[in-house]
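Thanks for coming. I will go through one model this morning, from the overall fold down to a handful of single residues.

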Amino acid sequence: ANMLSDNSESTTCKKNKLSVYIKLLASAPGRGDLESLDFDAQFQQAQAWKAIASFEKQETAACKAYIEAATCLETLVNANPRHPRVHEAEIAMVRFFNLGREYGQALSWANKLVKAGISPAELAEANFLKGESLYYLGNLPEAISAYQEALSISPPAMQRDIRYGLGWAHIQLAAIAGQERRRQHLHLASAAFRQALAQMDRSDPRLIPGSFKLAESLIGLGEFEEALAFLPKAREGEAFRLQSLRMAGIADRGLGKISEAQASFQAALSLALIREDRYSIAENLRNIAEIELQLGRPARSMLYYRASASEFMAIRDDGNCAVAVMGEAEACLALMSQRPALRKAASAQAATEAAALLLLCGSGANSAVPAREFSFAWQAKSLAEKASASLLDEAVKYLANLARSQSERVRLDELYRQHGRLLALEAKNMADEMLAREIIPPEQEANRIMGI
């Protein structure tokens, strides 16, 4: 303990001393006979491995040290099943297995521990650790049950950790639940995070991710004002800065603060470009496109939607690519209502984008695109046909029929290799040329956006 608290020594020096300490403990009297194994020496070996894990900078090395610690205690528990401190060792072992990412091992021992007739405080901790194992194994409903069991008997000092775990489990379930259950899980997540954060001091490393997840759950509930209060803290963490900026944009947009929302999305896009995070680039381009459309600037919106679709296509996210393509078609229709003289050009563009969406959707049966967007694609196609763009008419009809005939979703470029390739490309070029002459913003702005 004195050595670990000595700040004058380097981490490497401390790790070396701990390794020597472990070897000395391993040669303690009685080490060769498991029945008479020195309990304290073995327990101290585990604590030394834990200390080494805390000094490791690489996660893999830290996990390995935690597993060594757990293995020491497993040997100890198996050799001393009736020792007065055996349950203390078992709880520490489960914790170390969890920290070493051996969640199956941790769960197996935790299940034995909760049936062992231990004290209420030990039982609360065992259920909490069981909940942690189940959470990381992906069994969220059982994890929540274990956390709740722990919370019902836990001393006040443990409740912060349990509520923090509960919050994560509920928000993960919200992501995969139906609408009604989703709101229920978001309510429970926000309550759990709020209570956990209230018990944390400013140095707690969980404060930043907890603030981020609380804000996320509040945005999901439409409680935008409160969510904005937690996002500045979340932005302090490098790992959460980008998504915190994006969430601030969503919250501001929900409150009708369009200028603030646009600034947040632009800041998120800039950071995503620096980090070369292509998914976030595509996501924030789409968010900006939505804002531009909301501000009544459909031509600019089209450019951002097109850039977003291009990025989603590059990372082979067909569902989001199709939504961005549909956004561009929607912006075209908005432009058509603004500028009746451009009806034919905008209709042609909308039809081409609608066809692209249908291609990405395949038959529509297994599409990642919501039904509203899919329906809107047909509306755009119908409007384009009424505009009598004969070349577009032929291309769109052919490609749409081809899309419906596919047994599985296929990519736009794959279908372009089919018979409709020349028709589709010629139609697209015609629409683009007509639009470029009339509605696209100044060349410099267009190049800047498309350059992204």
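**Notes on a helical model**

Arg101 lies in the loop that runs between α4 and α5 (103–114). I start with Arg101 because its backbone deserves a look: phi is positive, about 65°, although the residue is not a glycine. How exposed is Arg101? Its relative accessible area is 49%, so Arg101 counts as partly exposed, the class between under 20% and over 50%.

A second residue belongs beside that one. Glu276 is not a glycine either, and its phi is positive, near 60°. Glu276 sits in the loop between α13 (258–275) and α14 (278–294). With a relative accessibility of 66%, Glu276 is exposed. Please keep in mind that this is a predicted model.

Now the overall picture. The protein chain has 22 helices and zero strands. The chain is 452 residues long, and 49% of those residues count as buried. If we take contacts between residues at least 6 apart in sequence, 60% of them join residues at least 24 apart. The accessible surface of the chain is about 21600 Å², and carbon and sulfur atoms account for 51% of that surface.

Next, the pocket. The largest pocket has a volume of about 1000 Å³. Its lining is made of 29 residues, and those closest to the pocket centre are Leu99, Glu132, Tyr136, Tyr164 and Arg206. Which helices supply at least two residues each to this lining? They are α3 (59–79), α4 (86–99), α6 (120–136) and α8 (156–174). Helix α6 gives the largest share, six residues. By residue type, the lining has 16 nonpolar, three polar and ten charged residues.

Staying with α3 and α4, look at the loop between them, where Asn80 is placed. Is Asn80 buried or exposed? Asn80 is buried, because its relative accessibility of 11% is under the 20% cut-off. The C-alpha atoms of Asn80 and Phe39 are 7.9 Å apart, while the two residues are 41 places apart in sequence.

On to helix α4 itself, which holds Ala89. Ala89 is buried, at 0% relative accessibility. What does Ala89 touch, apart from neighbours within four places in sequence? Its contacts are Phe39, Phe43, Leu73, Leu76 and Val77. For the last of these, the C-alpha distance between Ala89 and Val77 is 6.8 Å, with a separation of twelve residues in sequence.

Further along the chain is Ser211, in helix α10 (residues 207–220). Ser211 has a relative accessibility of 3%, and therefore counts as buried, given a cut-off of under 20%. Setting aside residues up to four places away in sequence, Ser211 touches Leu197, Phe230, Lys233 and Ala234. Lys233 is among the contacts of this buried serine, and that one may be worth a look on the screen.

Last, the cysteines. How many disulfides does the structure hold? The number is zero. Two of the cysteines are worth naming for their surroundings. Cys63 is buried, with a relative accessible area of 13%. Cys321 is buried as well, at 1% relative accessibility.

To close, I return to the two loop residues. Arg101 is partly exposed, whereas Glu276 is exposed, and phi is positive in Arg101 and in Glu276. That is what I have.

Terms used. Residues numbered from 1 in each chain as written. Predicted model: local features only at pLDDT ≥ 70, side-chain atom pairs only at ≥ 80, totals over all residues. Heavy atoms only, no water. Helix = DSSP H or I, 4+ residues; strand = E, 2+ residues; numbered from the N terminus. Buried < 20%, exposed > 50% of the residue type's maximum accessible area, 1.4 Å probe, protein only. Contact = heavy atoms within 4.5 Å. Areas by Shrake-Rupley, 256 points an atom, 1.4 Å probe, with all protein chains shown as cover. 1 Å grid on protein atoms, 1.4 Å probe; cavity = no way out; pocket = protein on both sides within 12 Å on 5 of 7 lines; lining within 4 Å. Points joined across faces, edges and corners; volume = space filled by probe spheres on them. Nonpolar A, V, L, I, M, F, W, Y, C, P; charged D, E, K, R; others polar. Disulfide = S-S within 2.5 Å.
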